[in-house]
Amino acid sequence: MHSLWLETSPKLPRFPALDRDRETEVLIIGGGMAGVLCAYFLHQAGVDYLLLEAEEIGSGVTQNTTAKLTSQHGLLYHKLTRSYGLDAARLYLEANQAALAQYRHLCQEMDCDFQAQDAYVYSLDRRDKLEKEVDALRALGFPAELAQDLPLPFPVAGAVRFPHQAQFHPLKFLSALSKGLRILEHSKVLELRPGAAATHQGVVRAKKIIVTTHFPFLNKHGSYYLKLYQHRSYVLALQGAPAFSGMYVDEAQDGLSFRHWGKLLLLGGGGHRTGKKGGGWAQLSSVAKRHFPQAKEVYRWAAQDCMPLDHLPYIGSYSRRTPELFVATGFQKWGMTTAMVAARLLTDLVQGKDNPSAALFSPSRSMLHPQLACNALEASASLLTPTVPRCPHLGCALKYNPQEHSWDCPCHGSRFAKDGQLLDGPATGNLHR
């Protein structure tokens, strides 16, 4: 069940493993899109850095994205304006539009299937929500509009249209971006100490450390085990479905998404909190049979997203007590654009430069949001469930996922194969039963 991107990308550059103790100015832990972008910008700035990846670059969440590059992250701007005010919503929009522009610039020199597309968030029955979102965007000076006639195979109440967004092939981009960077693969960090990271092969000492491991694996700082939960979603690539331009996503969290790559339609959805029941590929197959009966499934894969408390990612100092340790996480379902936002912000912060969006994305902002209680209750219920196996991360009871034949943690999203091999963090080791 490899993703379309993995099956259609050229072989990514390979890098050696750590073989001795090292020293560097900035250490980056995690070789997904955010980590490699951090390495790229530090390289461009002439900063001494090193990136450690536990397996191979792009082998985690990055290879399972739907690869949309957009500032439209659901019906977000009305929520941000209501909760944080116009200035905060404008900062978020500007940071993401700048990220999109940076991708557009970098992709000019790369063969990565970059394609300009309009983006749409549709609603099946809540036109009032769409109208509020358009009003918020117009107050921010952004040219969004309410669209009515969509090429989707079912009726909708309308959609919010974002012009001049984009899509690309993430692994082709990563392959080109990573060439010549100082990266070490198969070098898993087992422990973080002040100013150092320990692996089986040696210790890397650094003045500053950036953690871009999707879900942060260090528990004693930052309370990320309360700030985050993980959400799983599924994708089918269909051959023979009608072609239409644009990228589409339902405003409902359990809705469907659509985009094309070449002659293939990427149908996404079936989502659920990791460790809980959901529609999965079975739901998507049913949708495909109903609306695209002539189409043939050629690829299927699943993605996993870290969900924050308040619709904003956590980018900045890992905690108030760790000024030389930095993090990027909580990208929700918009990891590609947010990875660029994170990389630009973090490369500024580790160089001591001001960045206007630092306060907005600060991981030390208030945790007092309704989702905090949901996360705490889920963890408490799982910890009290008298079943085995249990997750080695913090001891929550694992749930069996029959669609993917894995043991999944409903607390923090760690996943394990039937033989106990670790599939997804924040757990750092295999399951022992």
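**View 1. Strand β10 gives the most residues to the lining of the second largest pocket, three in number.** This close-up comes from a predicted model. The pocket, second largest in the structure, has a volume of about 260 Å³. Its lining counts 15 residues. R193, P194, G195, T322 and L325 are the ones nearest the centre. Two elements, β8 (189-193) and β10 (203-211), each supply two or more residues to this lining. By character, the lining of the second largest pocket splits into seven nonpolar, three polar and five charged residues.

**View 2. The largest cavity encloses about 40 Å³ of space.** The structure has two cavities of 30 Å³ or more. K68, T70, Q72, A119, Y120, M247, V249 and W334 line the largest. Strands β4 (115-123) and β12 (247-250) are the elements that give two or more residues to this lining. Five of the lining residues are nonpolar, two are polar and one is charged.

**View 3. K68 is a buried lysine without a salt bridge.** K68 sits in strand β3, which spans residues 68-69. Which side chain of opposite charge is nearest to K68? That is D305, 10 Å away. A salt bridge needs a nitrogen and a carboxyl oxygen within 4 Å, so D305 is no partner for K68. Leaving out residues up to four places away in sequence, K68 touches A166, M247, Y248, V249, S257, R259, W334, M336 and T337. K68 also belongs to the lining of the largest cavity, as do M247, V249 and W334.

**View 4. The second largest cavity holds about 30 Å³ of space.** H73, Y92, P313, G330, F331, Q332, W334 and T338 form its lining. Four of these residues are nonpolar, four are polar and none is charged. W334 appears here, and W334 lines the largest cavity too.

**View 5. E185 and R14 form a salt bridge.** The closest N and O atoms are 2.9 Å apart. This pair ties together distant parts of the chain, 171 residues apart. E185 lies in the loop between β7 (183-184) and β8. R14 lies in the loop between α1 (4-8) and β1 (22-29). Is each partner buried or exposed? E185 has a relative accessible area of 1%, so E185 counts as buried. R14 has a relative accessible area of 35% and is therefore partly exposed. Across the whole structure, a search finds 17 salt bridges.

**View 6. R232 and E404 meet in a salt bridge, with N and O 2.7 Å apart.** The partners come from distant parts of the chain, 172 residues apart. R232 is in strand β11 (residues 229-239). E404 is in the loop between β18 (399-401) and β19 (406-408). Both R232 and E404 are buried. D408 and R415 make another salt bridge, at 3.3 Å from N to O. D408 and R415 are buried as well. Through shared partners, salt bridges join R232, E404, D408, R415 and D424 into one network.

**View 7. H272 lies in strand β14, residues 264-273.** Its relative accessibility is 7%, so H272 counts as buried. Setting aside neighbours within four places in sequence, H272 contacts H231, R232, Y234, K277 and G278. One of these, R232, takes part in the salt-bridge network of View 6. The C-alpha atoms of H272 and Q230 are separated by 8.9 Å. Along the chain, H272 and Q230 are 42 residues apart.

Note on methods
Residues numbered from 1 in each chain as written. Predicted model: local features only at pLDDT ≥ 70, side-chain atom pairs only at ≥ 80, totals over all residues. Heavy atoms only, no water. Helix = DSSP H or I, 4+ residues; strand = E, 2+ residues; numbered from the N terminus. Buried < 20%, exposed > 50% of the residue type's maximum accessible area, 1.4 Å probe, protein only. Lys, Arg positive; Asp, Glu negative; His and termini not counted. Contact = heavy atoms within 4.5 Å. 1 Å grid on protein atoms, 1.4 Å probe; cavity = no way out; pocket = protein on both sides within 12 Å on 5 of 7 lines; lining within 4 Å. Points joined across faces, edges and corners; volume = space filled by probe spheres on them. Nonpolar A, V, L, I, M, F, W, Y, C, P; charged D, E, K, R; others polar.
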